[in-house]
Amino acid sequence: MATHQQNLPTRSTGNTMEDDDAVPDIDPTNTSGLLQERLQAYKHACRYLEAYIGATEKVQKAHAKEYEKVLKTVSDPLKEGHHFDQSLGGIAGLFENIRSNTQGIANSHLEAEKTIKGSVLPILERLHAEIKNKSKELEKGAVKGSKEVDKARNLTQKHIELLGQHTAAFSSSGGKVDPSTDPYVLQRGVNYRLNKQVLEENNNRHDLIEIQNSFAAFEGHVIQIFQQALQTFLQCVGGQLERQKAMYSDIVSNAQKIPLDFEFKGFVHRNNQLLVDPSAPKRDVSHISFPNQNHPSTQPLIAGTLERKSRAMGGLKGYSTDYYVVTRSGFLHEFKDDDDFRKDPSPELSLYLPDCTIGAVNGEKFNVKGKDASKGKVGGAFAMSHELSFKAHSPADAERWYNVIKEAAGGSATYSHEPASPASPVDSRNVSGQQQPPQYQEKGVTPVQTQGLPQGQGAPSGGQMSAGAQTQQPYNTPVSGGGQSAGIGSTPTSGVERKPGQY
């Protein structure tokens, strides 16, 4: 029998709004659920035929009135009957023909009982098992993939909502945000999850298209088995009366006339809005938009690659190239690269510029001294201050980076209604427990004027100092005898170099 070329489902998606929505409203389970229901319809149709022929086998032993039981097996409408074309020439028309012909069969023959039991019913039982296996395959494949799509969409929606919360809070809080909730970082997180979602959607779409394409061949196989079973059934009852033979021949003839793609064409025509169009283009992240995608806080002040001198082994490893971004939140973020899709883009290093010291430009190089705030408040509390050496591609590039970093550190890069010097979102208090060295002025000591006096009236020379002034005492150490000399200033030195806070 020649195979009829079928039309694939047509549902135009193109560059419509659903292609631009991060989380489309289309439920992917609708397609898989529809195909699952269609398999159920064929399974029940197969069961109807099994019941019909099985009842025929039993009725072969009985009289004509018992043959009414055979009619009852197909008297009810087909379950999920809306899947079949109700016009003549399809599955529904086949069962209608069976009902009308069965009504005219008054007697049966016992000779055909064993033949029917051993030849016809096993064909339909095997078909029934094939339909069940097809249903399980669909459930494990497309239905499971649709659930993964729903899961990925929920994660994307959750992260988009998180971005919306923190972009809204960006203006109200004066740009004070944590590194982990920086709208720039959150947007890159949305891109990462959106990319995973699109991959799941495209994989599920590919699976559904393959299943749809296989359905046409499978349904043709099911109808062929129906035809084969009924043809065998005709041979079994061939010894019966010519009238009965004519009735069954009419049933088989009606089944043989069903084109293999007749039902599927009607199915596609009735459900073309739910089936996937294989000719539609795949979703592309570049065509997708989401709320706050172009919010000012997500746009960097400057971004690009810089070389940074390694802090390991005293900088012997030289410079390494990374991707750096200065955000409107006042952060200098370091990333391995600018790829949002390969992995979740988390900063390797984050410096809050208002808390940093910016060194001058020296050719292609400039320095920034501050604490790494990428580990959050808890990790930042124990972070040490480091001086980082950067190297740009050219002196002009270094000057451009320096100017942007300097403006961000001074607060001029933020909005005009925000404070000029925003407070650090990182705990900028002195968390190490050290305090600045106290400034003491010893009682009874008067600073010596060394400028504007005639020569010889200035500070006493080394040979003219008192004995107590030649050896300076540390802070809070009593000076004996003439230790308080007029040659000691208002802020005496300790004579021993110590670190701040250890006096």
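Two strands are taken to pair if DSSP finds at least two bridges between them. The legends below describe a predicted model.

**View 1. The open sheet of seven strands and the pairing of strands 6 and 7****.** Strand 6 (residues 365–371) and strand 7 (residues 385–391) run antiparallel and are joined by seven bridges. Within this pairing, Asn367 has Ser389 of strand 7 as its bridge partner. The sheet as a whole follows the order 4-3-2-1-7-6-5, with antiparallel pairing. Its edges are formed by strand 4 (349–352) and strand 5 (357–358), each of which pairs on one side only.

**View 2. Helix 10 on the sheet****.** Helix 10 (residues 395–410) packs on the sheet and touches strand 1 (302–309), strand 2 (319–326), strand 3 (331–335), strand 5 and strand 6. The direction of helix 10 makes about 105 degrees with that of strand 1.

**View 3. Packing of helix 4 and helix 7****.** The axes of helix 4 (residues 91–103) and helix 7 (residues 242–256) lie 9 Å apart, at an angle of about 175 degrees. Angles over 145 degrees count as roughly antiparallel, and the two helices are therefore roughly antiparallel to each other. Helix 4 contributes Gly93, Leu94, Asn97, Ile98, Asn101 and Thr102 to the contact, while helix 7 contributes Met247, Asp250, Ile251, Asn254 and Ala255. Of these residues, five are nonpolar, five polar and one charged.

**View 4. Positive phi at Glu80 and Asn292****.** Most residues other than glycine have a negative phi. Glu80, in the loop between helix 3 (68–73) and helix 4, has a positive phi near 50 degrees. Asn292, in the loop between helix 8 (262–270) and strand 1, has a positive phi near 65 degrees. Glu80 counts as partly exposed at 23% relative accessibility, as does Asn292 at 29%.

Definitions and conventions:
Residues numbered from 1 in each chain as written. Predicted model: local features only at pLDDT ≥ 70, side-chain atom pairs only at ≥ 80, totals over all residues. Heavy atoms only, no water. Helix = DSSP H or I, 4+ residues; strand = E, 2+ residues; numbered from the N terminus. Contact = heavy atoms within 4.5 Å. Axes fitted to C-alpha atoms, helices over the stretch in contact; angles between N-to-C directions. Parallel < 35°, antiparallel > 145°, perpendicular 65-115°, else oblique. Nonpolar A, V, L, I, M, F, W, Y, C, P; charged D, E, K, R; others polar. Buried < 20%, exposed > 50% of the residue type's maximum accessible area, 1.4 Å probe, protein only.
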